[in-house]
Amino acid sequence: MLKKKCEAPDCNKEFTVKMPHAKYCSDKCRWRIHAREKSQKRREKGLCPYCGNTMEKETSASYCINCQQYYKKRYYKNKEKAH
Ligand SMILES: [Zn+2]
Ligand SMILES: [Zn+2]
């Protein structure tokens, strides 16, 4: 059986190749890299890496206003739950 190293830079696990073109050890790695590439491409275009919306030009934030609000809300919700 052919063994290969996972191409995910943060994984590098050795795995047995079932498919000839497999690059990653698992779907988890495949999806993680896929999502990373997608968000990188969006960022290069000046779009929000999370949702692909256009970003405010004069901002140092990494995400668009919608996502900032969304994650802020989620953050506070989690905080409430912790009590
Ligand atoms: Zn992997
Ligand atoms: Zn967004």
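Read along the sequence, the chain of this predicted model follows the pattern β-β-α-α, and its secondary structure consists of 2 helices and 2 strands. The confidence of the prediction averages a pLDDT of 91 over the chain, and 99% of the residues score at least 70. Among the elements, strand S2 has the highest mean pLDDT, at 95, whereas helix H2, which covers residues 65–82, has the lowest, at 90.

The overall dimensions of the chain were considered next. The radius of gyration of the chain is 18 Å, whereas a compact globule of 83 residues would have a value near 12 Å. Along the principal axes, the C-alpha atoms fill a box of roughly 50 × 40 × 15 Å. Burial was assessed for the chain as a whole, and of its 83 residues 7% count as buried. Contacts were examined in a similar way: among those in the chain with a separation of 6 or more, residues that stand 24 or more positions apart account for 4%.

At the start of the chain, strand S1 (3–5) and strand S2 (14–16) are joined by a loop in which Asn12 lies. The phi of Asn12 is near 60°, which is a positive value in a residue other than glycine. Most residues other than glycine have a negative phi. Asn12 is also exposed, because 11 other C-beta atoms lie within 10 Å and a residue with 12 or fewer such neighbours is classed as exposed.

Helix H1 comprises 18 residues, numbered 27–44, and from its first C-alpha to its last it reaches 26 Å, close to the 26 Å that is expected at 1.5 Å a residue. Of the 18 residues of H1, the number buried is 1, and the helix therefore lies largely in the open. H1 is followed by Gly46, the phi of which is positive and near 80°.

Helix H2 contains Lys77, a residue that is exposed because it has 10 other C-beta atoms within 10 Å, where the limit for an exposed residue is 12 or fewer. Lys77 was also compared in position with Gly52: the two residues are 25 residues apart in sequence, and the distance between their C-alpha atoms is 24 Å.

Definitions and conventions:
Residues are numbered from 1 along each chain as its sequence is written. Chains are lettered from A and ligands numbered from 1 in the order in which they are written. This is a predicted model: local features need pLDDT of at least 70, side-chain atom pairs count only at pLDDT 80 or more; totals for chains, interfaces and linings use all residues. Helices (H or I, at least four residues) and strands (E, at least two) are DSSP runs, numbered from the N terminus. A residue is buried if 20 or more other C-beta atoms lie within 10 Å of its own, exposed if 12 or fewer, and partly exposed in between; C-beta atoms are placed from the backbone. The expected span of a helix is 1.5 Å times one less than its number of residues. The radius of gyration is taken over C-alpha atoms; the globule rule is 2.2 Å times the number of residues to the power 0.38. Two residues are in contact if their C-beta atoms, placed from the backbone, lie within 7 Å. pLDDT is the predictor's confidence in each residue, from 0 to 100.
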